[in-house]
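Open the model in your viewer and keep the sequence panel visible. The stops below go residue by residue, with the overall picture in between.

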Amino acid sequence: KSTIKLKGNFFVKLKMKCFTVLLALLFPLLFSCDKEEEAFTVVEYEALPINKTLEKPIYVHYMPWFQSPEISGYWGAHWTMANKNPDRILSSGKRDIAAHYYPLIGPYDSNDPDYLEYALTCIKLAGIDGILIDYYGKWDFNDYAQLLLASNAVIEMCQKVGLNFGLVYEDRTLQSIVNQGFSNKIDLARGDMVYMEENYFKRDNYFKLNEKPVLLNFGPITLKTNQEWVDVFSAIETEINFFPLSYHPQYYDLTTIVDGVYAWVGEAQTEDLSNYAQQFDFFGGGALFEFREFYEEGGWQATNQSRLFNRNGALLRETLNNAKNTNSDFIQLITWNDWGEGTAIEPSLEYGYQQLEIIQDFLGIPLNPGSLALTVELYQKRKEHQNKVLENKKLDQVFYYLISLQFDKASALLDQL
């Protein structure tokens with residue numbers, strides 16, 4: 001018994017010594033980590049403009065309608081459509097999403113600050129001046145509140161990155177709300193206009209022509225008379241430039257409220273559009289890489305638009321030059337991220353950075369090989385180092401290096417992580 005007791009005391013003392021040694025080793029490490037976190041100071045550089053030879057403003061149409069379980073708690077309809085399940089991993093290693101092409105970073109959430117940081121930094125480095133947001137209004141019906149949240153989030157990131165923004169108003173939402181028995185379409189649209197005036201039109205980085213905010217309309221679809229739009233615009237004091245889709249002023253006899261028109265997929269290749277547009281004060285040209293919708297495969301109703309092949313980038317080059325050589329006042333790229341219609345120029349597994357490099361070349365931007373890839377690496381490192389204080393402070397610094405065009409410093413800091 002005494003032998004057992006002696007052995008027990010020996011092991012207790014041994015454990016205590018080991019614990020003491022372990023603490024002695026770990027404590028300096030823990031303390032040094034805290035000191036390093038405190039010592040690392042993020043320098044918030046201002047966003048610098050991209051030098052380019054083309055002076056005509058160039059914007060990209062932006063969709064705020066994606067959701068993922070990580071952020072929103074579910075996969076949104078634009079990843080699933082009627083028959084896809086992103087939780088299912090295919091033999092290729094990709095998630096089963098409703099698209100012919102696959103985002104380089106994988107499917108994401110439009111309300112994810114990591115995604116917004118990556119996407120807008122990438123857009124900036126491509127030489128694009130800003131985004132035109134597919135905008136569904138302020139009302140809490142269907143998924144419109146979720147889309148408004150994502151729209152406001154991307155607008156705040158535009159300010160941080162040094163990009164402009166504008167709105168492409170979807171008046172189709174009005175009829176959907178009316179069909180549910182609420183209010184009338186004029187009052188609903190007037191409420192949307194007041195919200196836009198109070199929250200967007202007065203911002204310094206809102207898209208303007210001749211000092212007036214530009215409001216594009218994807219249609220009209222619900223408000224189909226000149227007088228209806230007159231009634232809607234009477235709710236605000238701000239004078240705006242109103243742009244429906246090309247040829248729609250004639251469809252609906254919009255006589256006094258139209259300041260300009262803009263091209264979409266079907267008109268981006270037509271040379272006669274600029275002649276038609278001369279009757280208006282302004283004209284927005286369009287350019288696209290490809291159109292290949294997934295709606296039929298995804299179990300949704302297909303459109304009547306025929307597929308437009310990218311022809312190894314030739315379609316994008318042609319439509320860019322067409323928009324440049326007409327009397328257009330700005331160019332809209334169709335689109336940043338409409339994966340369901342196959343028009344996305346956002347980096348993908350299939351095309352990499354091809355579309356953005358074509359745009360950089362078109363804009364006359366001195367190429368900096370690898371700069372666009374740094375934005376993807378920033379996003380991936382954010383996901384890898386979630387909730388790590390020091391690492392994310394360093395990634396904050398990477399972001400400020402990128403928007404201030406200090407690519408070598410950004411790359412070196414990413415390499416440390």
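**Positive phi and cis bonds**

Select Arg311 to begin: its relative accessibility is 43%, so Arg311 counts as partly exposed. On the scale used here, buried means under 20% relative accessible area, exposed means over 50%, and partly exposed lies in between, with a 1.4 Å probe and protein chains only. This is a predicted model, in which local features need pLDDT of at least 70 and side-chain atom pairs count only at pLDDT 80 or more, while totals for chains, interfaces and linings use all residues. Residues are numbered from 1 along each chain as its sequence is written, and side-chain values use heavy atoms, with hydrogens and water left out.

Arg311 sits in the loop between β8 (282-288) and α10 (314-325). Helices (H or I, at least four residues) and strands (E, at least two) are DSSP runs numbered from the N terminus. The phi of Arg311 is near 50 degrees, a positive value in a residue other than glycine. Most residues other than glycine have a negative phi, and most peptide bonds are trans.

Go next to Met81, in the loop between α2 (77-80) and α3 (113-125). Met81 is another residue other than glycine with a positive phi, near 45 degrees. Is Met81 buried or exposed? With a relative accessible area of 8%, Met81 is buried.

Now select Gly219 and Pro220, which are joined by a cis peptide bond with omega at about 15 degrees. Pro220 belongs to the loop between β5 (212-217) and α7 (226-233). A cis peptide bond also joins Ile334 and Thr335, where omega is about 0 degrees. Thr335 lies in the loop between β9 (330-334) and α11.

**The whole chain**

Zoom out. The protein chain has 14 helices and nine strands. Its C-alpha atoms fill a box of roughly 105 × 55 × 45 Å along the principal axes. Of its 417 residues, 53% count as buried. Of the contacts in the chain with a separation of 6 or more, 72% are between residues 24 or more positions apart; a contact means heavy atoms within 4.5 Å.

Colour by charge: there are 36 positive and 55 negative side chains, and the centres of the two sets lie 14 Å apart. Lys and Arg count as positive and Asp and Glu as negative, with His and the chain ends not counted. Each charge is placed at NZ of Lys, CZ of Arg, CG of Asp or CD of Glu.

**Aromatic pairs**

Show the side chains of Phe, Tyr and Trp. How many aromatic pairs does a search of the whole structure find? The search finds 30. Rings, including the six-membered ring of Trp, pair if their centres lie within 6.5 Å; planes under 30 degrees apart count as stacked, over 60 as edge-to-face and the rest as tilted.

Select Phe165 and Tyr206. Their ring centres are 5.1 Å apart and their planes are at 85 degrees, so the pair is edge-to-face. This pair links distant parts of the chain, 41 residues apart: Phe165 is in strand β3 (residues 164-169), and Tyr206 is in the loop between α6 (185-201) and β4 (208-209). Phe165 is buried at a relative accessible area of 0%, and Tyr206 is buried at 3%.

Add Phe201 to the selection. Its ring also pairs with Tyr206, with centres 5.3 Å apart and planes at 80 degrees, so this pair is edge-to-face. Both Phe201 and Tyr206 are buried.

Then select Trp65, Phe66, Trp79, Tyr108, Tyr115, Tyr118 and Tyr379, which ring pairs link into a cluster.

**Cysteines**

A search of the whole structure finds zero disulfides, a disulfide being a pair of cysteine sulfur atoms within 2.5 Å. Why is Cys122 not bonded to Cys158? The sulfur of Cys158 is the closest cysteine sulfur to that of Cys122, but at 14 Å it is too far for a bond. Cys122 is buried, with a relative accessible area of 0%, and Cys158 is buried at 0% as well.

**Two last stops**

Select Gln355 in helix α11 (residues 354-363). Gln355 is buried, with a relative accessible area of 0%. Not counting residues up to four places away in sequence, Gln355 touches Phe289, Leu316, Ala344 and Ile345.

End at Thr255, in the loop between α8 (248-251) and β7 (260-262). Thr255 is exposed, with a relative accessible area of 54%. Measure from its C-alpha to that of Thr225: the two are 30 residues apart in sequence and 9.1 Å apart in space.
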